[in-house]
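Dear colleague,

Please find the structure below, handed over for your records. My notes on its interior and its aromatic rings follow.

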Amino acid sequence: MTDYIQEQEMEIEALEAILMDDFKEIHSGESGLNTSKRCFQIKVTPVDDEADEVTTAPVQLALIFSHTERYPDEPPLLNLNSLRGIQGEHLRILKEKLQQEASENLGMAMIYTLVTSAKEWLSEQYCQDTSIEDAEAEEAAKDDVIVPHGEPVTVETFLAWREMFEAELALERAKLMPEAALSAPKEKRLTGRQWFESGRHAVKGAAPATEGSDEEDVEDIDFDDDDFEDDEDDMLEHYLAEKTDSSSHSSKRETN
């Protein structure tokens with residue numbers, strides 16, 4: 001008998017150290033157990049399997065026990081009460097489960113084992129839906145993330161594009177100039193900008209202007225410098241617009 005009492009007292013000391021505020025002694029009249037021996041209550045809540053911490057599930061259980069004279073060679077007296085949100089049918093099912101586990105663990109201190117089993121059971125019953133909802137919310141958040149498409153803008157890619165853009169622009173200007181202007185000697189040939197500003201492109205079949213020419217000037221057409229401004233800022237904006245438009249088309253093709 002003395003050995004049983006010592007073993008029971010050692011288990012109570014260990015539970016107090018491990019469970020701290022979740023463990024307390026209660027009066028036998030509050031326990032719901034048919035005994036006059038010391039009774040104890042342990043607050044049990046579901047746990048997160050990964051973090052091993054108390055979850056926010058709105059359920060809490062009171063596991064009440066009392067040692068019998070020959071514990072742990074015989075099972076303890078057990079009772080379960082809902083402190084928050086646990087159905088009566090679930091209390092009955094869990095109590096039967098814990099009593100079965102107590103019978104399987106005779107000969108050793110088992111209260112902490114029963115507490116752990118109760119935590120896991122509550123997690124399975126009351127936290128599965130929450131886990132599924134969290135997973136669905138996480139997947140939805142991933143779907144909302146916009147993944148950028150297209151080639152990133154760098155100094156090298158912009159310079160390469162500018163060179164190609166200027167070549168295309170020169171080609172377009174050349175198409176508008178008469179053959180006579182293009183075939184003139186190089187030293188007397190007007191640049192595309194000079195030819196445009198002279199207004200000769202407005203006169204069909206106009207001859208190229210040369211040094212010392214007495215040809216009557218045609219009516220001048222006013223052009224603002226902004227019409228031919230090719231500064232890098234404007235070209236960069238044009239380049240970025242092209243990249244954005246290209247990325248949008250790529251995204252639409254992937255979606256289709």
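**Core and aromatic pairs**

Valine 44 is in contact (heavy atoms within 4.5 Å) with Gln60, Leu61, Leu63, Val115, Ala118, Lys119 and Leu122, leaving aside its neighbours within four places in sequence. This is a predicted model, in which local features need pLDDT of at least 70 and side-chain atom pairs count only at pLDDT 80 or more, while totals for chains, interfaces and linings use all residues. Residues are numbered from 1 along each chain as its sequence is written, and side-chain values use heavy atoms, with hydrogens and water left out.

The largest nonpolar core (buried Ala, Val, Leu, Ile, Met, Phe, Trp, Tyr and Cys residues joined through side-chain atoms within 4.5 Å) has 27 residues, and Val44 and Phe23 are among those with the most contacts inside it. Helix H4 (111–126) is one of the elements that give two or more residues to this core; helices (H or I, at least four residues) and strands (E, at least two) are DSSP runs, numbered from the N terminus. The largest share, seven residues, comes from H4.

Rings of Phe, Tyr and Trp (its six-membered ring) pair if their centres lie within 6.5 Å; planes under 30 degrees apart count as stacked, over 60 as edge-to-face and the rest as tilted. By this rule there are four aromatic pairs. Phenylalanine 23 and phenylalanine 65 form a tilted pair, 6.4 Å centre to centre with 40 degrees between the planes. Phenylalanine 23 lies in strand S1 and phenylalanine 65 in strand S3, 42 residues apart.

Kind regards

Note on methods
Buried < 20%, exposed > 50% of the residue type's maximum accessible area, 1.4 Å probe, protein only.
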